[in-house]
Amino acid sequence: VGNITSPQEIIEKSGAEILRLWTSMVDYREEVRISPEIISRVVEAYRKSRNTFRYLTSNLYDFDPEIDLIPLDRLEEVDRYTLSRYADAGLRIMQSYERYEFQTIFHTLINLMSVDLSAFYLDVSKDRLYTFGKRCDSRRSAQTTMYIIADGLARLMAPILPITTEELWKHIPGKRDESVHLEVFPPNLDQFQNAGISERWAWLIKTREEVNKAIEIARQQKLVGNSLAAHVTIQSSDSAIKERLLKNSDDLPMLFIVSDVSLRSHEPDISVNDPSVVSVKTAELTIEVRRASGKKCERCWRYVLNVSQAEVTKGLCTRCIEALKDSQAE
């Protein structure tokens, strides 16, 4: 079809894994279609998946599951939400294998990789992974989540991407069988499912999308550059919404990737013409974005009230100074 003359040509140009992935995505109950454009989309999907696998394992370089694994009930709530999304996807994938619905497997994997991991979880977890103390529970919580997901996805995708998952398997820490193809699908996935957390965080992520729109307006107006230069204020007259926000108030700076977030229960006392503030109203919220006050930490890039002036730690916030002490304590 088009410029593609044979499976061998696809293998020579893009690799056998691309052909295997394409085979899994087609609906064999209908007319099977293939073209250079379709193969190009498969290559892009494979590249995104491989990059996600690489990111997961690269952040486990100092993680030993026998020592560092955090119990499920002690994980950060964002981690439990992500594991719940992973479990939903994993159970759907295993069910699809039983029903020979390979197309569902492909789309479930890509949606998990692109939407839940790349576009959300991996983005909001960077601060914990890169700037928190090496042995900090919050950092280990993120690593525990990534370890569970990397291990599970390697097992789940092994029948479709045997070479890629074998490579992935060798880079996942911990004691394990020599080959992923000697393993079984991840057991007890339902232990990670949590309907309450999933519903609450689905709403928080929608709120994040609205905040990101307001931050983008502030960026266009040159009020902020990087989102960490922003201070976000959220106001709502709805008591249920205020309760939701208060329950996760400690997570909001991480969720929005900003230096600070304020929650306000009264109507904003600012002029709509104030050039230093971007104010956006949605059906549920009033969102304000202004430049964060304070000084920028040279390590984590957050804006804080004060940074160290000592020679060894000059320009660093208190959190980063403690994180460095933790790393140097080994």
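A nonpolar core is understood here as a set of buried Ala, Val, Leu, Ile, Met, Phe, Trp, Tyr and Cys residues joined through side-chain atoms within 4.5 Å. In the present structure, which is a predicted model, the largest such core comprises 90 residues. Within this core, the residues with the most contacts are Tyr86, Phe120, Leu153, Trp201, Val232 and Val289. Helix α6 supplies the largest share of the core, namely eleven residues. A second core, separate from the first, consists of eight residues, among them Val304, Val307, Leu316 and Ile321. In soluble globular proteins, nonpolar side chains tend to be buried together.

The surroundings of phenylalanine 120 illustrate the packing around one of these core residues. When residues up to four places away in sequence are not counted, phenylalanine 120 touches Val78, Tyr81, Val115, Trp201, Ile205, Arg208 and Leu255. Trp201, one of these partners, is also listed among the residues with the most contacts inside the largest core.

The chain as a whole is made up of 330 residues, of which 49% count as buried. Its secondary structure includes 13 helices and six strands. Taken along the principal axes, the C-alpha atoms fill a box of roughly 65 × 50 × 40 Å. Among contacts between residues at least 6 apart in sequence, 69% link residues at least 24 apart. One pairing across the sequence is that of glycine 174 and glutamate 66, which are 108 residues apart along the chain and whose C-alpha atoms are separated by 7.1 Å. Glycine 174 is placed in the loop between α9 (162-170) and α10. With a relative accessibility of 34%, glycine 174 counts as partly exposed.

The largest pocket encloses about 550 Å³ of space. It is lined by 26 residues, and those closest to its centre are Val124, Asp127, Arg128, Pro253 and Met254. Two or more lining residues are given by each of α6 (102-124), α7 (126-131) and α12 (252-256). The largest share, five residues, comes from α7. By residue class, the lining divides into eleven nonpolar, five polar and ten charged residues. Helix α6 thus appears both in this lining and in the largest core.

A charged residue in a buried setting is found in helix α10 (residues 195-220), where arginine 200 is located. Arginine 200 counts as buried because its relative accessibility is 15%, below the 20% cut-off. Apart from neighbours within four places in sequence, arginine 200 is in contact with Glu77, Lys247 and Asn248. With asparagine 248, the contact includes a polar one between the two side chains, at 3.4 Å.

Two loop residues were noted for their backbone conformation. Most residues other than glycine have a negative phi. Tyrosine 100, in contrast, has a positive phi near 60° and lies in the loop between α5 (77-99) and α6. Its relative accessibility of 54% places tyrosine 100 in the exposed class, for which the cut-off is over 50%. Lysine 222 likewise has a positive phi, of about 65°, although it is not a glycine. This lysine 222 is found in the loop between α10 and β1 (230-235). At 73% relative accessibility, lysine 222 also counts as exposed.

Technical notes:
Residues are numbered from 1 along each chain as its sequence is written. This is a predicted model: local features need pLDDT of at least 70, side-chain atom pairs count only at pLDDT 80 or more; totals for chains, interfaces and linings use all residues. Side-chain values use heavy atoms; hydrogens and water are left out. On a 1 Å grid over the protein atoms alone, a cavity is a set of points where a 1.4 Å probe fits but cannot get out, and a pocket is an open set with protein on both sides within 12 Å along at least five of seven lines; lining residues have an atom within 4 Å of a point. Grid points are joined across faces, edges and corners, and a volume is the space filled by probe spheres set on the points. Helices (H or I, at least four residues) and strands (E, at least two) are DSSP runs, numbered from the N terminus. Ala, Val, Leu, Ile, Met, Phe, Trp, Tyr, Cys and Pro count as nonpolar, Asp, Glu, Lys and Arg as charged, and the others, Gly among them, as polar. Buried means under 20% relative accessible area, exposed over 50%, partly exposed in between (1.4 Å probe, protein chains only). Contact means heavy atoms within 4.5 Å. A polar contact is a pair of N or O atoms within 3.5 Å; within protein, one must be able to donate a hydrogen and the other to accept it, and residues adjacent in sequence count only if both atoms are side-chain atoms.
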